[in-house]
Every structure is written in C-alpha cells, then in structure tokens.
Amino acid sequence: MLPPHTAAFPVNGAPRGLSILGATGSIGTQTLDIVRLFPDRLRVRALTGHSNAELLARQALEFLPDCVVIGKATEARGLREALAGTGIRVLEGPAGLCEAAALPEVDIVMAGVVGVAGLEPVLAAIRAGKTIALANKETLVVAGALVKASLAQHGSTLLPVDSEHSAIFQCLVGEPARAVESLVLTASGGPFRTRALETFAEITRDEALRHPNWSMGAKVTIDSATMMNKGLEVIEAHWLFDVQAEQIEVLIHPQSIIHSMVTFTDGSTKAQLGVPDMKVPIQYALSYPDRWPAPHPRIDWSRLKGLDFEPPDADKFPCLRLAYEALAFGGTAPAVLNAANEQAVALFLKDHIRFVDIPRVVEEALGKLSRTVQPSYETLVEADAEARRLVMEHGGGVPD
Ligand code: NAD
Ligand code: MG
C-alpha cells in the first residue's frame, strides 16, 4: 500500500501546495510550525477548523490560503468578517472540508482532523489524486479496505504521520516488502502504566489528560491513557504495511525514544529513534522522499540513562485486546470499536462515565452489534451510528 521509496510527486522547485485539515489542532498547529520553517518549499492553500474561528482567522491572515473551512456554521459569519477584504474564500461544514481536500492547487493534504469526521475528506483527497499525510488514524481503522481500494484506483499516495508508523516507514526505506517479518509498535504506556489496577475506578479526567511524554489533543490523549490508541495503531499498521495482526507486537517503552521497529526475515531489526516531537514525523511526510535540515531537538546521548521495555498489562488495558479482536473479525467490527470508543471518550471528557467504563462499553458494543463482512461505505456509516447510540444509553444525552 505504501509508495515505493521514490518521489511521491514531481519535485520541480515549486513549493508544495498544502491543505491542512484540522489546522487549529495539535497536528495542525505543528504542521504550520513546519511551514514557518520552510516558506519556500510549502505553500498553504487551505486551512480548516471545527469551532475555533478566532485561531483559524489568525492562521489565515498569516498564511493567506485560497480558502478556509469552518465546521460549525454558527462561526462562519465572524470568520467572514475577520477575513473581509483578503480575498480568502470561507467555506462551511463537511462539504467544505471535502472541497479543501481536493483543490486543484493542492499537492499534499495534511489529514489532521480527529475522529471519523476525517474519513470523508481523506476519501475526497484520494479521489482527487492527492498525496495524503495521514495523522487521522481513525480513517484507516474504520475504512481501511475502502481506502486501500480507492488509493489503488486513483493512484494516490498515503504517507504516515503517526510517529510509530512514520518510524516503521523510515525503517522500510530501501527494503523489499517481502523481507518484512514483523513490526514492533512501541507505546509509552501512558500516565497509568505504574498505577495500581485497584485504583483505576477513581481515575479522573485531569489525571487521564496528563500524558507523560507527548502533548496532544484531548481525544488521542485519553486513547493513550486507555491504550486504545495503541490498539487503533495496530489496525492502522495492518493497513499501511500489509501485515497481519500476528506480525504486530506492542511493546511498552516508557522513554518514547524508539518510535517503533521492524524485524526482517534474516533476523535483523531496524529502529527509528528521536526525541518525542511530532514535528519530526510531520516534516518527514511533507518533505518525503527528501529530508530537510531542521532545528528539531536531538537526542542527548550523554544524558540518556537507558531504554526500558516491558509487555503491556492486559488487565489494566483491555482496549488493546479489543482492538486485536476487532481487527481479527474485520468487516464493520473496527468501525464499531472506533465509534464506541469516540463516544465513550467524549462522555468521559464530560465526566458522564468513568475511565473504566470506556473499555466496558466498547466491548459491549462489539458484542451486541451485528458485524457485516466487506461493508460498503454506507454500511460503515450505519455501524458507526449504531455503536454511538448504544454507548449513549450508558451516558445519557444525544450523540455528538
Ligand atoms: P486535536 O483535537 O488537537 O485537533 C483536531 C482538529 O480537528 C482541530 O482542528 C478541530 O477543529 C478539528 N475537528 C474536530 N472535530 C471535527 C469535525 N467534526 N469536523 C471537522 N474538523 C474537526 O487533535 P490532534 O491531537 O491534532 O489529533 C488529530 C489526529 O491526529 C487524530 O486522529 C490523532 O489520533 C492523530 N495523531 C495526533 C498526534 C498528536 O501528537 N496530536 C499524534 C499522532 C496521531
Ligand atoms: Mg502514535
């Protein structure tokens, strides 16, 4: 599925046209940091955000894209006023997001929306033949088979941004696909790695939002605390690298220095290392197949005391097992896993359910809902909605 390690698109000296979906988020703002470093090589053509119109307006005034997209229609008026006289088009909602992903001036799309909301624009970018820098792992979890088929049909390219998958991708440079034996996805273990299981029922929202090594958006931070994040990444790796679940090992590595590893059929293992900083994998996806000189922090080997590893604790982190089970079943199961998890995390962030309820309701959704094999896009959307409805019965209110 990944491109051969050659140029993803012609390098003719012109800056690469960039559309940043989710520009106001953690991935999006760090992508703009990379653009600030390389204004001659990257040109922002589109920026999108869901509700933070003020930040989106500031970004637009700095980078002067052709268009901006705001998710919440109620924010559009203020955004139009802020950008009056600039000539920047203001679009709205999911249709605007898809348009921003497929603009003719765009070469590469940074898929930095969180959750399944990122799926449709990625499919639109694929259909338009774009190169996609994929941070939005939920896209592959929910619709890996459809994405893969569409990439082949339209000759588009997907480049991983997730640090583990970028690490594996970097390890694979120059290697034949048939020589890959297995992958090791490293995980920090999150904030609760050493916490006693008996106290998990009391975990608060603020505790779960405090990640030891990475600063990220709220949803992925909670996913890291439950280790659902690693489960989603196992499914992501399956689709990106054409490997089966049995070939993917998850290993706790608390320092987050080794970002992941590949073992080859001759017994050799390659790893990619670095200070935990998302700017490095973000930049690699934007510069690929080149590497651009940048001032990101380097590992200080003299201060590195050691690299530790341990297997994940299956009792503390049942989400990991659930993700492997969903991958083994296939069909709509990963979409149900993802939707139930998104809804459960949203409820947890509002203090409507407890931390330990997250795996419980996801497991219940996986057990209760029918699992269609080889689902269409519409079937996946329906499975997503059903799973959300089921989870809402636990937390009250209406689905987001
Ligand atoms: P975030 O919450 O910081 O930002 C999400 C962005 O998506 C924001 O711009 C927001 O406005 C937009 N958005 C949210 N809901 C939307 C909707 N319904 N429609 C349109 N836009 C919407 O999230 P993040 O941490 O930047 O993560 C983005 C994606 O990247 C996630 O899939 C995450 O798993 C993945 N990822 C993030 C990191 C990281 O360090 N933050 C690392 C690896 C992978
Ligand atoms: Mg990751």
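1. Ligand 1, surroundings. In this predicted model, the shell around ligand 1 holds 22 residues, and Thr24, Ser26, His50, Glu138 and Gly217 come nearest. By class, the shell contains 10 nonpolar, 9 polar and 3 charged residues. Helices α1 (26-37) and α6 (137-154) each contribute at least two residues to this shell.

2. Ligand 1, polar contacts. The side chain of Thr24 places an N or O atom 2.7 Å from an oxygen atom of ligand 1. Glu138 also has a polar side-chain atom 2.7 Å from an oxygen atom of the ligand. With Gly25 the contact involves the backbone: a polar backbone atom there is 3.1 Å from an oxygen atom of ligand 1. On its own, ligand 1 has 830 Å² of accessible area, and the protein covers 85% of it.

3. Magnesium site. Which protein residues are donors of the magnesium ion (ligand 2)? They are Asp162 (OD), Glu164 (OE) and Glu233 (OE), at 2.1 to 2.3 Å from the ion. Water is not among the atoms, so the site may look incomplete. The spacing of the donor residues in sequence is D-x1-E-x68-E. Glu164 belongs to helix α7 and Glu233 to helix α10 (residues 228-241); the two are 69 residues apart, and the pair links distant parts of the chain.

4. Cavity. Rolling a probe the size of a water molecule over the atoms shows where empty space is left. A search of the whole structure gives 1 cavity of 30 Å³ or more. About 60 Å³ of space lies in the largest cavity. Its lining includes Ser163, Ser166, Ala167 and Gln170, together with His259, Gln272, Leu273 and Asp277. Two or more lining residues come from each of α7 (163-171), β11 (269-273) and α11. Helix α7 gives the most, with 4 residues. The lining of the largest cavity divides into 5 nonpolar, 6 polar and 1 charged.

5. Second largest pocket. This pocket encloses about 320 Å³ of space. It is lined by 14 residues, and those nearest its centre are Val280, Arg291, Ala294, His296 and Arg298. Which helix gives the most to this lining? Helix α11 (residues 279-287) does, with 4 residues. The lining comprises 8 nonpolar, 4 polar and 2 charged residues. Val280 also appears in the lining of the largest cavity.

6. Backbone geometry. Most residues other than glycine have a negative phi, and most peptide bonds are trans. Two places in the model deserve a look on this account. The peptide bond between Tyr288 and Pro289 is cis, with omega about 5°. Pro289 sits in the loop between α11 and α12 (318-329). Leu64, which is not a glycine, has a positive phi of about 45°. Leu64 lies in the loop between α2 (53-63) and β3 (67-70).

7. Elements that recur. Helix α7 carries the magnesium donor Glu164 and gives the most residues to the lining of the largest cavity. Helix α11 supplies residues to the lining of that cavity and gives the most to the lining of the second largest pocket. The loop that holds the cis-linked Pro289 runs between α11 and α12. For ligand 1, Glu138 is one of the residues that come nearest and has a polar side-chain atom 2.7 Å from a ligand oxygen. Thr24 is likewise among the residues that come nearest, with its contact to a ligand oxygen made through the side chain.

Methods
Residues numbered from 1 in each chain as written. Chains lettered and ligands numbered in written order. Predicted model: local features only at pLDDT ≥ 70, side-chain atom pairs only at ≥ 80, totals over all residues. Heavy atoms only, no water. Near = heavy atom within 4 Å. Polar contact = N/O pair within 3.5 Å; in protein donor to acceptor, adjacent residues only side chain to side chain. Areas by Shrake-Rupley, 256 points an atom, 1.4 Å probe, with all protein chains shown as cover. Nonpolar A, V, L, I, M, F, W, Y, C, P; charged D, E, K, R; others polar. 1 Å grid on protein atoms, 1.4 Å probe; cavity = no way out; pocket = protein on both sides within 12 Å on 5 of 7 lines; lining within 4 Å. Points joined across faces, edges and corners; volume = space filled by probe spheres on them. Donors = N, O, S within 2.8 Å, 3.2 Å for Na, K, Ca; no water.
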